[in-house]
Amino acid sequence: MKSTADHATLAEQFNRDEERVDWHDGALWWIRQKRDRSANQTPQWEELREAASAIKSNVISNLHDYLVQFEDNLKKNGVKVYWAADAEEHNQIVYSILKAKEITQMVKSKSMLTEECGLNEYLHERGIDVINSDLGEYIQQIDNEPPSHIVLPCIHKRKEEIGELFHEHLGTEKGLSDPTLLTRVARKHLRNVFLTRRAALTGVNFAVAETGEYVVCTNEGNADMGAHLSEVQIASMGLEKLIPERKHLGVFLRLLARSAIGQPITIYSSHFKKPRPGQEMHLILVDKGRSSLMARPDFRDSLKCIKCGGCMNTCPVYRKSGGLSYHNTISGPIGAILAPNLDMQQHADLPFASTLCGSCSNVCPVKIPIHDQLYKWRQVIVKEGYVANRKTFSMKAMSLTFSSPEMYQTAGKTGRWILNHAPFAVNHKLNPWYRQRDMPGSPKQSFGEWYKKNINSKDKH
Amino acid sequence: MNSREAILAAVKKNQPALSPLPDISMFKVVEADIASRYTEVFTGIGGQVIAVSELEHIKPLLSEHFDISKRTVTTLPELSDVAELINTEVDPHSFDDVELAIIRARLAVAENGAVWLTESVMGQRIIPYICQHLAVVVTEDSLVSTMHDAYGKIASEDYGFGGFIGGPSKTADIEQALVLGAHGPLSMTIFLIKQ
C-alpha cells in the first residue's frame with residue numbers, strides 16, 4: 001500500500017477533483033472554527049497550553065524513571081508488560097499473545113501506532129483476522145486504504161462513496177448514502193463483532209506513571225465495547241504517552257477534544273488499571289524511533305504531541321492536498337516533522353509540504369513549534385543530501401545570484417524583459433509555478449533603477 | 001541486551017536535563033450556579049437533564065421516557081422494584097439485550113457534562129457502554145466545576161476501571177454529519193437530584 005510518489009505528485013492527483021478539494025477544505029476549516037469557539041470559551045486556555053507543554057517537557061527529561069515507575073505499577077496491578085524496539089518486535093509480541101490463547105480473530109479500536117507497525121497485515125499473513133472498530137477506520141479498512149487523518153480517518157470520502165462500500169461489503173441497498181442510516185448498519189454489524197471477539201486491542205492516549213493506569217479516549221464507545229467483552233485485552237503505546245501523575249490528566253483531557261473537534265471532552269475517557277476477574281491484560285511499550293528522536297534537540301519536542309489533529313485542520317496545505325498525499329500514517333504538519341526521523345529518504349519531501357505560515361504552532365495544545373521544526377528539517381534534509389536534484393540546482397543558482405550585486409542586477413533585468421516581452425518562455429506546462437497561478441505583469445524598471453533616477457532628479461532641484 | 005534494557009539505556013542517554021513540573025493549582029473556575037451550568041453544557045452535547053427532588057420521583061418518569069417493557073437494569077437497590085439489579089458475577093455478554101441501564105455517578109463535571117463512574121457503581125464494566133440508553137443519577141452536591149476539581153476528588157482513589165462519560169455515543173465520520181449512537185448508548189439522561 002506504501003506509495004513511492006512524493007507529496008506534490010499525490011497532491012496534484014487529489015487536486016484534479018476541484019469540487020472535492022473545496023469540500024474537503026471547507027469541512028476541515030469548519031472543525032478549526034469549532035476548535036476556536038471552544039478554546040475561546042475556556043478560561044485560562046493559554047495557561048493550560050503552557051502547563052501541558054511544561055508537563056510534557058518534564059516527561060521527556062525524566063522519561064527513564066517514569067517508564068520504570070509505570071512498569072512497576074502495571075505489574076502491581078496485574079498487567080503483563082512488554083517492550084518493543086520496533087514494529088517487527090511489536091507485531092511478534094501481539095501474535096505470540098494471541099497464539100498462546102489460540103485466538104484467530106481480534107477487534108481493534110483506533111491506534112495510529114499499530115497502523116504504523118502494519119499490525120493488521122502482519123497478523124493477516126499468520127491467519128489472524130483483525131477488524132478496526134472505529135467507524136472511520138472501519139470504512140478505510142474495507143476500502144483497503146490507510147486513514148487520511150488521525151482523528152477523522154475518512155474525511156476525504158464523500159457519503160456516496162461510503163454508501164457504495166457498504167453496498168459492496170455489508171449488503172446495504174444500492175444508492176443508500178444517508179449518514180444516520182449507514183451508521184446504524186455499521187453499529188449492528190460491529191456489535192456482532194464485539195460480542196464474538198475474544199481479544200481486543202486498543203491504543204493509549206495517556207499513561208500515568210504514578211498509578212500504572214492508562215486512558216483511552218473515544219467518542220463512539222468502541223474501545224470499551226471491545227475491551228470489556230474480551231478475555232484478552234492488549235494495549236499498544238508509544239513511550240511518549242506517559243504523564244507523571246493522575247492529576248495531570250485534568251490538563252490534557254481539557255485540551256484534547258477541544259483542540260481536536262471543539263468538543264469539551266471526548267464522550268468516553270476510560271481509565272484502565274486492572275484486568276477484570278478472569279481477564280488478561282497486556283501492555284506493549286513501543287520505542288520505534290522515539291528514543292532516537294530524543295537525541296535531536298531541535299526536534300524532540302515533537303514527542304509532546306497528543307494526536308488531536310488540530311494542526312491538520314488548520315493547515316492550508318493539508319486542507320487542499322488531503323492526508324493520503326503525505327504517504328505516511330500520520331499526515332499533516334505533525335506527520336511531516338515526525339516522519340523524517342524514522343526514514344529521511346522516504347520522507348524528505350514532507351517538510352517542504354508547508355507554507356511555514358505558523359498556523360499549526362498557534363493551535364497546538366502542547367505548543368510544539370511545528371513550523372520551526374519544518375524549517376529546520378528542510379535544512380537537515382538538504383545538508384544530508386536527501387533533497388531532489390532539481391531543488392538543489394535552483395537553490396545553488398539562487399545563492400550565486402544573491403551573493404553578487406552584478407549578477408543580481410543582470411538577472412533581474414533579464415527576468416523583467418522576459419515577463420514583459422516573452423511570457424510564453426516561462427508560462428508553460430514545465431514550470432510548476434504557473435500550474436495554479438497567473439503572474440502579475442512585471443514593472444519596467446527595478447526599485448534600484450527607480451531610486452537612482454529619482455534621487456538624481458531630486459538633487460537637481 | 002534485551003529490548004527493555006536497550007530502550008531504557010537509549011532513553012537515559014538521550015533525555016535532556018531535568019525540566020521541572022509546572023504548578024497547576026491556579027486553574028480555578030468558580031460557577032455562580034453550577035447546576036444550571038451543568039445542565040446547559042450537557043444539553044448542548046446532546047444529552048438530557050431532568051431535575052428531581054428525590055430519587056423516588058424518577059420511577060414514574062422512567063416509563064414516560066423509556067420503553068421499560070424491555071430489559072432495564074440498575075445498581076441502585078432503591079430502584080429494584082422497577083429494574084433488575086445487576087449481577088456482578090455473570091458473563092458480560094449476557095447484557096447485550098439491555099435497553100436501559102440506571103446507575104449512580106460518583107461526581108459530574110460542569111465544564112463538560114461528564115460523569116465519573118468506577119466499576120463499583122457500574123455493576124459490571126460493560127454496562128454503561130452496551131445498553132441502548134443510559135440514565136445516570138447525579139446529586140447536586142457531587143457537581144464540580146472543572147476536570148481539575150474532579151481529579152482533586154478522585155485523588156488517590158483505587159479502582160480497577162473508571163471512566164468519564166460525557167454524553168450519548170457519537171460519530172461524525174461520514175461527511176462530518178453528527179450521528180448519536182455509534183457503538184454505545186443512543187441516548188444519555190441525567191437525573192439531577194436537587195434537594
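Author: Two strands count as paired if DSSP finds at least two bridges between them. Keep that in mind for this predicted model.

Reader: What makes the order β1-β12-β7-β4-β2-β3 in chain B an open sheet, and which strands are its edges?

Author: The six strands of chain B line up in that order with parallel pairing. At the ends sit β1 (48-52) and β3 (84-85) of chain B, and each pairs on one side only.

Reader: How do you know that β4 and β7 of chain B pair?

Author: Pairing needs at least two bridges. Strand β4 (residues 100-104) and strand β7 (residues 133-139) of chain B have five, in the parallel sense. For instance, B:Ala101 has B:Leu134 in β7(B) as its bridge partner.

Reader: What makes β9 of chain A and β9(B) a pair across the chains?

Author: The cut-off is again at least two bridges, and five join β9 (residues 268-272) of chain A to β9(B), running antiparallel. A:His271 is bridged to B:Gly162 there.

Reader: How many residues of chain B are in contact with chain A, and which element supplies the largest share?

Author: Contact takes C-beta atoms within 7 Å. By that test 58 residues of chain B touch 67 residues of chain A. Helix α1(B) gives the largest share of chain B's side, nine residues. By class, that side has 31 nonpolar, 19 polar and eight charged residues.

Reader: Why is α12(A) called largely enclosed?

Author: A residue is buried if 20 or more other C-beta atoms lie within 10 Å of its own. In α12(A), 13 of the 13 residues are buried, so the rest of the structure largely encloses this helix.

Terms used:
Residues numbered from 1 in each chain as written. Chains lettered and ligands numbered in written order. Predicted model: local features only at pLDDT ≥ 70, side-chain atom pairs only at ≥ 80, totals over all residues. Buried ≥ 20, exposed ≤ 12 C-beta atoms within 10 Å, placed from the backbone. Helix = DSSP H or I, 4+ residues; strand = E, 2+ residues; numbered from the N terminus. Contact = placed C-beta atoms within 7 Å. Nonpolar A, V, L, I, M, F, W, Y, C, P; charged D, E, K, R; others polar.
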